[in-house]
There are 2 protein chains.
Amino acid sequence: MVNQLQKNDASVQIFKALADPIRLAIIQYLNQLDHEVACGEVGRAMHISKTSGSYHFKILQEAGLISVNKVGREKNVRLDRSTFDHYLTHFWQNL
Amino acid sequence: MVNQLQKNDASVQIFKALADPIRLAIIQYLNQLDHEVACGEVGRAMHISKTSGSYHFKILQEAGLISVNKVGREKNVRLDRSTFDHYLTHFWQNL
DNA sequence: TTAATAGTTCAAAAAGCTTTGAACTATGTA
DNA sequence: TACATAGTTCAAAGCTTTTTGAACTATTAA
C-alpha cells in the first residue's frame, strides 16, 4: 500500500494539474492552435493576470503537460501530447 | 471563455476525484478485483478510518467513477468504466 | 542609456480539501 | 429486546491551493 501510494505520485501530480478550470481552458486553447504560442498571449485570452498565468503555466510544466521554448523575452508553450497519452488515453495500462 | 469554463465543470470534478493518492489506490484495488466489493473491505485494505473512507467514496461516486449497490447494511462499489473511458481514454474527443 | 515589455518571485490573504472523533441512522443477529 | 456491525454526518482543526499586488530579472527597442 505504501509502495502503491508512492508509485501514484506522478499520476496525482498530473491529475492535480488537470483539476482546474483555468488550466483545462489553457489546454483547450493550446490544443486548437497546435503550434507554440507565448504565455502572455494565452493568459490574455483567458483574462487572467500575468501572475496567475505564471503560476498555472508552472504547474502545467512541472506536470509535463506542456513543453517550453524561450524565444527572446517570450516563453512559448505547447502541449506535450505524450504525457496526455501516457496518463489519460493509456490510463488502464499504466494503473 | 466563461462558457468554456462552465463546460469544463464535469471534467474538473473528474480530475479532482482522481487527484488524490488514496482514491487512486482505491481505483487500482477495484480494478484488479473487477467485481463489486463493500466500502468497508476496501477501506480496511487502504488502512484508512471509516470516516475517511466514507468521504473518499462519496467523492468518487459524485464524480461518477464508481457505481454503488446497497446490499443489507453494506454498500458495495465497483468502477464505472464508462466514465473513465469518456474523460480519460477519449480525452481528446471530449475536450 | 532609458524606457518598455515578458515573465518570475514573494508574502499575505482567501478559498478549498482532508482528517479527526463523537454522535448518529440503518440493518442484521442473539 | 438488546447488541453488534456498516456506513454517514457534523464541526473543528490542519493542510494545500489559488489569487493578489508589489518588487524583481531579463530582454528588446528608441
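Modeller: Contact means heavy atoms within 4.5 Å. By that test, the contact between the two protein chains takes 31 residues from chain B and 31 residues from chain A. The model is predicted.

Biologist: How much area do chain B and chain A bury between them?

Modeller: About 2,700 Å². Of that area, 76% is on carbon and sulfur atoms. The size of an interface is often given this way, as the accessible area lost when the parts come together.

Biologist: How many salt bridges and how many polar contacts link chain B and chain A?

Modeller: The salt-bridge count between chain B and chain A is zero. A salt bridge needs a side-chain nitrogen of Lys or Arg within 4 Å of a carboxyl oxygen of Asp or Glu, so no pair across this interface passes. Two residue pairs are in polar contact, both at pLDDT 80 or more.

Biologist: Which helices supply the side of chain B that touches chain A?

Modeller: Helix 1 (2–7), helix 2 (9–18), helix 3 (21–33), helix 4 (39–46) and helix 6 (81–89) of chain B each supply at least two residues. Helix 3 of chain B gives the most, with seven residues. By type, this side of chain B has 19 nonpolar, seven polar and five charged residues.

Biologist: On to the DNA. Which residues come closest to DNA strand D?

Modeller: Of the 20 residues that surround DNA strand D, the closest are Tyr55(A), His56(A), Gly40(B), Ser54(B) and Lys75(B). Of the strand D atoms within 4 Å of the protein, 57% belong to sugar or phosphate, and the rest to bases.

Biologist: What makes His56(A) and Ser54(B) polar contacts of DNA strand D?

Modeller: Distance. The cut-off is a pair of N or O atoms within 3.5 Å. For His56(A), a side-chain N or O atom is 2.6 Å from a phosphate oxygen of strand D. For Ser54(B), the value to a phosphate oxygen is 2.5 Å. Both pairs fall within the cut-off, so both count as polar contacts.

Biologist: Which residue has a polar side-chain atom close to a base oxygen of DNA strand D?

Modeller: Arg73(A), at 3.3 Å. The surface near strand D draws two or more residues from helix 3 (21–33) and helix 5 (50–62) of chain A, and from helix 4, helix 5 (50–62) and strand 3 of chain B. Helix 5 of chain A has the largest share, five residues.

Biologist: Which residues come nearest to DNA strand C?

Modeller: Of 20 residues around DNA strand C, Lys50(A), Ser54(A), Lys75(A), Tyr55(B) and His56(B) come nearest. Sugar and phosphate make up 56% of the strand C atoms that come within 4 Å of the protein. Helix 5 of chain B gives the largest share of this surface, five residues. The surface residues divide into five nonpolar, seven polar and eight charged.

Biologist: How do you know that Lys16(B), Asp20(B) and Arg73(A) make polar contacts with DNA strand C?

Modeller: Compare each value with 3.5 Å. Lys16(B) has a polar side-chain atom 2.9 Å from a phosphate oxygen of strand C. A side-chain N or O atom of Asp20(B) is 3.3 Å from a phosphate oxygen. A polar side-chain atom of Arg73(A) lies 3.1 Å from a base oxygen. Each distance is within the cut-off, so each pair qualifies.

Biologist: Why are strand 1 and strand 2 of chain A said to stand at the edges?

Modeller: Look at the order. Chain A has an open sheet of three strands, 1-3-2, with antiparallel pairing. Strand 1 (37–38) and strand 2 (66–71) each have a single partner strand, so one side of each is left without a neighbour in the sheet.

Biologist: How do you know that strand 2 and strand 3 of chain A pair?

Modeller: Pairing takes at least two bridges, and these strands have six, so they pass. In one of them, Val71(A) is partnered by Glu74(A) in strand 3.

Biologist: What lies between strand 2 and strand 3 of chain B?

Modeller: Two residues, in a hairpin. Gly72(B) in the turn has a positive phi of about 65 degrees. Strand 2 (residues 66–71) and strand 3 (residues 74–79) of chain B run antiparallel over six bridges. Asn69(B) stands opposite Asn76(B).

Biologist: Why is the pair Glu36(A) and Arg78(A) called a salt bridge?

Modeller: The closest N and O atoms are 3.6 Å apart. The limit is 4 Å, so the pair counts. Glu36(A) lies in the loop between helix 3 and strand 1 of chain A, and Arg78(A) in strand 3, so the pair ties together parts 42 residues apart in sequence. Over all chains, the structure holds two salt bridges.

Notes
Residues are numbered from 1 along each chain as its sequence is written. Chains are lettered from A and ligands numbered from 1 in the order in which they are written. This is a predicted model: local features need pLDDT of at least 70, side-chain atom pairs count only at pLDDT 80 or more; totals for chains, interfaces and linings use all residues. Side-chain values use heavy atoms; hydrogens and water are left out. Buried area is the accessible area (1.4 Å probe) that two parts lose on being put together, summed over both. A polar contact is a pair of N or O atoms within 3.5 Å; within protein, one must be able to donate a hydrogen and the other to accept it, and residues adjacent in sequence count only if both atoms are side-chain atoms. Helices (H or I, at least four residues) and strands (E, at least two) are DSSP runs, numbered from the N terminus. Ala, Val, Leu, Ile, Met, Phe, Trp, Tyr, Cys and Pro count as nonpolar, Asp, Glu, Lys and Arg as charged, and the others, Gly among them, as polar. A residue is near a molecule or strand if one of its heavy atoms lies within 4 Å of it.
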